Each structure stands twice: as C-alpha cells, then as structure tokens.
Amino acid sequence: MKKLLFLLALLVVSPVSRSADEGKTITFDRESYTLGWVDASNGTTTNEFYLPGEKPEDWTRMIGIRHFSGARQLKDAVNPWMAMVKPLIAAKPDAYEGNSKTGGKGVTIVVWLLSPDKKYYEYDMMRFVETPDGVMSYQFAEKLPFAKKLDVSATMKSLDERLDELKAFAMTAQTEMR
C-alpha cells in the first residue's frame with residue numbers, strides 16, 4: 001500500500017508526467033487547440049489557440065486566454081470588452097454568473113456578433129474570473145457563415161457542457177511564444 005501511494009505521489013509531482021507541450025495545447029469540447037498567437041500590450045496579455053491547420057487570420061473555432069493585469073474587479077475587464085463588441089452584437093447577450101472551480105468570482109457572457117463585413121457570425125462565450133493577479137478571461141469563439149435565418153441548434157446544444165469546461169479553466173496567459 002505504501003508503495004502504491006508513493007507511486008501515485010510521484011506521478012502527480014514528477015515533471016515527466018507533464019507534457020513537453022504544456023501551455024501550448026488545450027483540449028476543449030473534445031478538440032485539441034494549439035497556441036498560435038501571443039500579444040502582451042497595454043496591460044493585457046492575450047493567447048489564442050487554434051485548431052490544427054488554422055491561424056489567426058483564418059480560423060473556424062478558437063480558444064482565447066487573456067490576463068487583464070490592471071483589472072481588479074470583473075467590471076474592470078467586462079465593461080471595456082462589452083464596449084468594444086457592442087457595435088457588432090447581433091442578438092441580446094446572456095450572462096451566467098458563478099464562481100470558478102478555483103474560487104474566483106466569475107461571470108460568462110454568451111454573445112452573437114456579426115462581422116463588420118457581414119460575412120459571418122461569431123459565437124462567443126467569454127468567461128471572466130477575478131484572481132489575485134488581475135482578471136483572467138477564457139473564451140471559446142466559433143465562426144458561422146452569414147445566413148438570414150441562421151440555424152444555431154448545433155451550436156447551442158453544447159452550451160451547458162461548454163459553460164462547465166470554461167468554468168474549469170484555470171491556466172495563465174503566456175507572455176511570449178515558446
């Protein structure tokens with residue numbers, strides 16, 4: 001029994017048990033995303049993760065992680081983000097409150113945006129969480145081609161599971177590509 005406990009403890013703390021790509025890949029909604037863009041400017045660090053073969057200028061689904069280092073309360077990050085997307089909002093946003101799994105106060109905003117060129121909709125789930133180091137946000141975004149009558153049933157079917165997955169995120173943003 002002692003040997004089993006020792007082996008389990010070794011697996012938990014051993015650097016060998018960690019992936020060499022730690023921080024470079026994220027699994028979300030049963031798909032693997034790879035870090036493809038990093039920006040650290042104006043007090044915000046942004047990491048964007050894309051599906052294989054996709055890139056910042058051409059993606060279908062994306063995971064975003066942001067650290068708003070100067071933000072101490074949710075409103076310090078949520079309000080500027082909402083002001084930024086307001087001209088693009090295509091349908092009334094929904095908000096889901098709830099603390100993160102790590103205990104930080106949080107809110108998730110789900111919003112449909114229409115691209116400025118009206119070629120696609122962007123479905124955004126943006127989770128904001130207060131941390132001791134500022135506010136973090138965890139985003140799932142999906143692009144859907146523009147249609148006058150857009151069928152969103154497939155996207156909305158995964159809402160509850162995706163909300164739970166975003167709530168479980170607790171990683172930090174990298175300040176540079178590695």
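## The β2-β3 and β1-β2 hairpins

Strand β2 pairs with strand β3 (residues 44-50) in the antiparallel sense over seven bridges, where strands are DSSP runs of E of at least two residues and helices are runs of H or I of at least four, numbered from the N terminus, and where two strands pair if DSSP finds at least two bridges between them. Across this pairing, Trp-37 stands opposite Glu-48 in β3. The hairpin of β2 and β3 has two residues between the strands, and Asn-42 takes a positive phi near 55 degrees there.

This is a predicted model, in which local features need pLDDT of at least 70 and side-chain atom pairs count only at pLDDT 80 or more, while totals for chains, interfaces and linings use all residues. Residues are numbered from 1 along each chain as its sequence is written, and side-chain values use heavy atoms, with hydrogens and water left out.

On the other hairpin, β1 and β2 run antiparallel and are joined by four bridges, with Thr-25 having Thr-34 of β2 as its bridge partner. Two residues lie between the strands of this hairpin, in which Asp-29 takes a positive phi near 55 degrees.

## The open sheet

Eight strands form an open sheet with antiparallel pairing, in the order β1-β2-β3-β4-β8-β7-β6-β5. Its edge strands are β1 (25-28) and β5 (94-97), each of which pairs on one side only. Neighbouring strands are turned against each other by 25 degrees on average, direction ignored; axes here are lines fitted to C-alpha atoms, for helices over the stretch in contact, and angles run from 0 to 180 degrees between N-to-C directions. At the β5 edge, β5 and β6 pair in the antiparallel sense over four bridges, and Ala-95 stands opposite Ile-109 in β6.

## Helices on the sheet

Helix α2 packs on the sheet, touching β4, β6, β7 and β8, and its direction makes about 5 degrees with that of β6; contact means heavy atoms within 4.5 Å. The helix comprises residues 74-85, 12 residues in all, and reaches 17 Å from its first C-alpha to its last, close to the 16 Å expected at 1.5 Å a residue, the expected span being 1.5 Å times one less than the number of residues.

In α2, Leu-74, Ala-77, Val-78, Trp-81 and Val-85 are buried, that is, under 20% relative accessible area with a 1.4 Å probe and protein chains only, whereas exposed means over 50% and partly exposed lies in between. Seen down the axis of α2, these buried residues fall within an arc of 95 degrees, so they line one face of the helix; the arc is that of the directions from the helix axis to the C-beta atoms. Helix α4 (residues 159-168) lies across β1, β5, β6, β7 and β8, running at about 35 degrees to β7.

## Nonpolar cores and Gln-174

The largest nonpolar core has 25 residues, and those with the most contacts inside it are Ile-63, Tyr-123 and Met-125; such a core is a set of buried Ala, Val, Leu, Ile, Met, Phe, Trp, Tyr and Cys residues joined through side-chain atoms within 4.5 Å. β1, β2 (31-41), β4, β6, β7, β8 and α4 each supply at least two residues of this core. Apart from it lies another core, of 14 residues, including Ala-71, Ala-77, Trp-81 and Ile-109.

In the segment after α4 is Gln-174, which is buried with a relative accessible area of 7%. The C-alpha atoms of Gln-174 and Asp-39 are separated by 8.8 Å, although these residues are 135 residues apart along the chain.
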